[in-house]
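Reader: Please take a close look at a single part of this model, one loop residue and its surroundings. Then go on to the spaces enclosed by or open at the protein.

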Amino acid sequence: DLESHLQRCQQLSVTVLTDHQDLNNIELKTILNSMAPQQYRIRAKLRTYKPQKLYQSIKLHCSKCNSLREVPDGDDFDFILQGSGVTAPNPELHNTSWYDSVMWTTQDQKQRKIAIHFVKHDEMLQQPEDTLLMIEGGTLKEVWKLTRRFKCIIPVRSTEDDLELLDLSAPFLLQGNIKYYGCKQCSTPKPIKSLSSIAAEQRPSWEPTEIAQVLGIEPLQYVFIMKFTLVDGTGALNAYLFDY
């Protein structure tokens with residue numbers, strides 16, 4: 001794994017970056033005094049790398065505004081779900097022409113009301129592995145249970161007129177164990193009924209990019225970022241790794 005590999009690199013007296021075999025080795029001080037962009041071959045030692053924990057290297061990146069965001073943890077999502085569950089589902093928004101709705105009350109002390117809306121295709125429900133559903137009032141544990149059975153899950157809440165997405169601090173879509181997030185700055189969320197256009201397609205695939213587009217969401221991409229500090233006795237150079 002990368003973390004143990006980097007530790008081995010630190011233990012070596014010299015790390016050789018082997019690209020550009022046709023170039024001579026250049027001292028770091030020369031590179032630091034040169035104008036970019038140029039290609040160099042260096043012989044240097046890895047002094048430090050950040051972050052120290054590999055999972056901290058994963059960020060969310062918006063290709064439109066070029067912003068970076070930390071990946072929220074499960075507690076953040078659970079807190080948003082609990083907040084949205086305070087408002088009871090609006091029965092007037094149930095069982096439309098493009099989704100069927102089921103609502104029940106939990107048997108615990110809180111007696112939460114949960115609504116699930118199953119999106120239809122050709123007025124029929126699809127197989128679970130092909131189905132997109134929307135959930136109101138569920139907990140994180142309940143949402144994850146649903147992702148194991150159904151293709152796509154969208155957490156929503158009721159307004160007077162339509163269902164709407166939760167705060168964009170929460171994922172706008174869950175597919176398997178992947179959470180899809182939108183950029184708060186670049187997104188202009190549309191009403192959930194915009195999804196009916198995909199449901200009307202001949203073969204709805206429920207691709208995340210298509211769902212994001214019809215919902216007015218600018219999707220964030222998971223990126224891998226690290227910073228390495230290289231030294232050779234003549235200077236120190238910071239090198240950044242950025243990859244999707």
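Author: In this predicted model, Asp73 sits in the loop that runs between β4 (68-70) and α3 (74-84). Asp73 counts as partly exposed because its relative accessibility is 40%, and that class lies between under 20% for buried and over 50% for exposed. The side chain of Asp73 makes a polar contact with the backbone nitrogen of Asp76, at 3.0 Å. A residue distant in sequence can also be placed relative to Asp73: Ala170 is 97 residues away along the sequence, while the C-alpha to C-alpha distance between Asp73 and Ala170 is 9.8 Å.

Ala170 leads on to the largest cavity, since Ala170 is one of the residues that line it. The others in that lining are Pro155, Leu165, Leu166, Asp167, Leu168, Pro171 and Phe172. By class, the lining has seven nonpolar residues, no polar ones and one charged residue. The space in this cavity is about 30 Å³, and the structure holds one cavity of 30 Å³ or more.

The second largest pocket has a volume of about 170 Å³. Asp78, Leu81 and Gln82 are among its lining residues, and α3 spans 74-84. Gly85, Lys110, Arg112, Gly137, Gly138 and Thr139 also line the second largest pocket. Sorted by class, this pocket lining comprises one nonpolar, five polar and three charged residues.

Terms used:
Residues are numbered from 1 along each chain as its sequence is written. This is a predicted model: local features need pLDDT of at least 70, side-chain atom pairs count only at pLDDT 80 or more; totals for chains, interfaces and linings use all residues. Side-chain values use heavy atoms; hydrogens and water are left out. On a 1 Å grid over the protein atoms alone, a cavity is a set of points where a 1.4 Å probe fits but cannot get out, and a pocket is an open set with protein on both sides within 12 Å along at least five of seven lines; lining residues have an atom within 4 Å of a point. Grid points are joined across faces, edges and corners, and a volume is the space filled by probe spheres set on the points. Ala, Val, Leu, Ile, Met, Phe, Trp, Tyr, Cys and Pro count as nonpolar, Asp, Glu, Lys and Arg as charged, and the others, Gly among them, as polar. Helices (H or I, at least four residues) and strands (E, at least two) are DSSP runs, numbered from the N terminus. Buried means under 20% relative accessible area, exposed over 50%, partly exposed in between (1.4 Å probe, protein chains only). A polar contact is a pair of N or O atoms within 3.5 Å; within protein, one must be able to donate a hydrogen and the other to accept it, and residues adjacent in sequence count only if both atoms are side-chain atoms.
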